[in-house]
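Visitor: I should like to take a close look at a single part of this protein, and then to see how that part sits within the whole. The model is set out below.

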Amino acid sequence: MRVANLSGRAVLLADDGGGAIDIAEAGGGRFPADPQALYEVWDELRDWAPGAPSAAAVPYDQARLRAPAPAPRQIFAIGVNYRDHAEESGIDVGDRPDRPPVFTKFVTCLTGQDARVALPKDGLTDWETELVVVIGRRAAGVAAEDAWDHVAGVTVGQDLSERLTQLAPPQPQQYSLGKSYPGFGPMGPWLVTPDEFGDPDDLEIGCDLNGERMQHARTKDMIFSVPQLLEVLSAVAPLLPGDAIFTGTPAGIGGTRTPPRFLAPGDRLESFVEGVGTLRTSFVEA
């Protein structure tokens, strides 16, 4: 099942790619039109979706797609969750780290497909392609083996990062600010449910910048898998329906290159996750 946010309304995307079904209209008012509110009734949606009227599907423009979870109550983001990224960053994560670094991105940074993001003046903005998990069922103290039962689906994310703000002295403690400028949380193009994948813990992930491959890995290379992340996070804070988790980025960011390569006006970033799709973002001058 693929669910999207089309100009602020929740839609079900037809399996044949033939169009989008407005969930509130096709469901006769049973479901909310608001994409964020839909996660509160996710189990009911899963039961209804197989019988959704295909005749209700209409063509749509991908440029109208917004973040599939546009207003989460909580956004969790994971740092150095791939060993190759830790190595390129000069970070020793050890053989068996106890828990991942966790920070947040503020909800006002979220955007969707084909966003035009203004780069902060005098900044050094970097890219990080990530698998994003959206919660579909409240999770508190969840064991890793049960974690996927609490996931609504996954999507593609870009954890855009203004490094000067993020790493401002005296200590690098401004992760959330440096990663939360307007538009710094592209997410999309749609949400795909876990049952659509042969193995949701092993997906190809990567990105191209102006057509040049910058990142390429598989999510099985995460230090903490999605189930492990849900176990660690839900042991501290209950995960609520519609919450989003940016699960970390593999090697290939701009700041660790020689010389460093940061985003510039006119750049186009295309991030992809196997079985989900490609998220496109363009950058403009502030």
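What lies 2.8 Å from a polar atom of the side chain of Gln36?

Guide: In this predicted model, the atom in question is the backbone nitrogen of Ala71. Gln36 itself belongs to the loop that runs between helix H1 (23–26) and helix H2 (42–48). A second polar contact of the Gln36 side chain is made with the backbone oxygen of Gly242, at 3.2 Å. Apart from residues within four places in sequence, the contacts of Gln36 are Ala69, Pro70, Ala71, Pro72, Pro241 and Gly242. Gln36 counts as buried because its relative accessibility is 12%, and the limit for that class is under 20%.

The position of Gln36 may be set against the division of the chain. Domain 1 covers residues 2–62, and domain 2 covers residues 67–285. Between the C-alpha centres of the two domains the distance is 25 Å. To the contact between them, domain 1 contributes 14 residues and domain 2 contributes 25 residues.

Helix H6 spans residues 226–234 and is mostly covered, with 7 of its 9 residues buried. Those buried residues are Val226, Pro227, Leu229, Leu230, Val232, Leu233 and Ser234. Among the elements that cover them are strand E5 (75–78), E6, strand E10 (129–135), strand E11 (151–158) and strand E16 (244–246).

Two further buried positions deserve attention, and they touch each other. Gly206 is part of strand E14, residues 204–209, while Ser271 is part of strand E17, residues 268–273. Gly206 is classed as buried because its relative accessible area is 0%. Ser271 is likewise counted as buried, since its relative accessibility is 0%. Setting aside residues up to four places away in sequence, Gly206 touches Thr129, Gln215, His216, Glu270, Ser271 and Phe272. With the corresponding exclusion, Ser271 is in contact with Thr129, Val156, Gln158, Gly206, Cys207, Gly277, Thr278 and Leu279. Thr129 thus appears in the contacts of Gly206 and in those of Ser271. For Ser271, a polar contact joins its side chain to the side chain of Thr129 at 2.7 Å. Val156, a contact of Ser271, is separated from Gly206 by 50 residues in sequence, yet their C-alpha atoms are 9.8 Å apart in space.

The pockets complete the account. The largest pocket has a volume of about 340 Å³. Its lining comprises 23 residues, and those closest to its centre are His85, Ser89, Arg163, Gln166 and Tyr175. Strand E6 (102–103) and helix H4 (163–166) are the elements that supply two or more residues to this lining. E6 is also one of the elements that cover the buried residues of H6. By class, the lining of the largest pocket consists of 9 nonpolar, 8 polar and 6 charged residues.

The second largest pocket holds about 280 Å³ of space. Of the 14 residues that line it, Leu12, Leu13, Asp15, Ala49 and Pro50 lie nearest its centre. The lining of this second pocket has 8 nonpolar, 1 polar and 5 charged residues.

To return to the starting point, Gln36 is a buried loop residue whose side chain has polar contacts with the backbone nitrogen of Ala71 and with the backbone oxygen of Gly242.

Key:
Residues are numbered from 1 along each chain as its sequence is written. This is a predicted model: local features need pLDDT of at least 70, side-chain atom pairs count only at pLDDT 80 or more; totals for chains, interfaces and linings use all residues. Side-chain values use heavy atoms; hydrogens and water are left out. Helices (H or I, at least four residues) and strands (E, at least two) are DSSP runs, numbered from the N terminus. Buried means under 20% relative accessible area, exposed over 50%, partly exposed in between (1.4 Å probe, protein chains only). Contact means heavy atoms within 4.5 Å. On a 1 Å grid over the protein atoms alone, a cavity is a set of points where a 1.4 Å probe fits but cannot get out, and a pocket is an open set with protein on both sides within 12 Å along at least five of seven lines; lining residues have an atom within 4 Å of a point. Grid points are joined across faces, edges and corners, and a volume is the space filled by probe spheres set on the points. Ala, Val, Leu, Ile, Met, Phe, Trp, Tyr, Cys and Pro count as nonpolar, Asp, Glu, Lys and Arg as charged, and the others, Gly among them, as polar. A polar contact is a pair of N or O atoms within 3.5 Å; within protein, one must be able to donate a hydrogen and the other to accept it, and residues adjacent in sequence count only if both atoms are side-chain atoms. Domain bounds come from an automatic or database domain assignment.
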